[in-house]
Amino acid sequence: MVPSGQDPYEPERGGLPDFEASFAALRPDAPLPRRVAVVRILMFIGGACGIAMALLFLQGLILPQEQMEEALAVQAEALARQGVQMELSVEAVRAMILVMAAVTGVYGVLSTLLAARIRRRTVGVFWGVVLFHGAAGALLAWNLFAGAWEAVVPLGFAVYMIAVMFGRDARAHYGLL
């Protein structure tokens, strides 16, 4: 029930939502919505961090065989004092380092490329960002369930970026209203 004298469709009194803001995002010259700009910045930061981590992992591959064997012997000795037996070869460590470098490097490069293209108003860019963060979120959730509790922070960022991309302004910007 509307009190007398009050227009039920008056915007400042809780009437209909402001559709003009969403329709303004459909204009060809509309600027990138602020939240999408935040996603873009976060993707550039994440991309740079991914590339830097990949380079750090690759740095571990240039160690000579003798140094890696010595480091593994020190680790095995420290674990043996705690009652844990470590059976890990240098080749297995190098393979793990290579996989970690590949995962972080691919993440960094894709994140940087998508962030650079996010201003283009194509449906492909929209779904590329959503699917990229969906895949990253799935990998992070898998790590979280495996006991890597530190994955909760990047998982939160991935969920936030997906939620922003499905927001009304972002969908309107990419023509998906």
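This report describes the setting of one helical residue, A54, and the aromatic pairs of a predicted model.

**Residue A54**

A54 belongs to helix α2, which spans residues 34-61. With a relative accessible area of 7%, A54 is buried, because this value falls under the 20% limit that defines the buried class. Beyond its neighbours within four places in sequence, A54 makes contact with A101, T104 and G105. L98 stands 44 residues from A54 along the chain, and the C-alpha atoms of A54 and L98 are 8.9 Å apart.

**Aromatic pairs**

Across the whole structure, the search yields five aromatic pairs. One of these joins W127 and F166: the ring centres are 5.8 Å apart and the planes meet at 65°, so the pair is classed as edge-to-face, because planes over 60 degrees apart fall in that class. W127 is located in helix α5 (residues 123-145), whereas F166 is in the loop between α6 (152-165) and α7 (168-173); the pair therefore ties together parts that are 39 residues apart in sequence. Ring pairs also link W127 and F166 with F126 and Y174 in a cluster.

**Accessibility**

The relative accessible areas of A54 and of the two paired aromatic residues are listed below.

| Residue | Relative accessible area | Class |
|---|---|---|
| A54 | 7% | buried |
| W127 | 37% | partly exposed |
| F166 | 38% | partly exposed |

Both aromatic residues are partly exposed, W127 at 37% and F166 at 38%, because each value lies between the 20% and 50% limits.

Technical notes. Residues numbered from 1 in each chain as written. Predicted model: local features only at pLDDT ≥ 70, side-chain atom pairs only at ≥ 80, totals over all residues. Heavy atoms only, no water. Helix = DSSP H or I, 4+ residues; strand = E, 2+ residues; numbered from the N terminus. Buried < 20%, exposed > 50% of the residue type's maximum accessible area, 1.4 Å probe, protein only. Contact = heavy atoms within 4.5 Å. Phe/Tyr/Trp six-rings, centres within 6.5 Å; stacked < 30°, edge-to-face > 60°.
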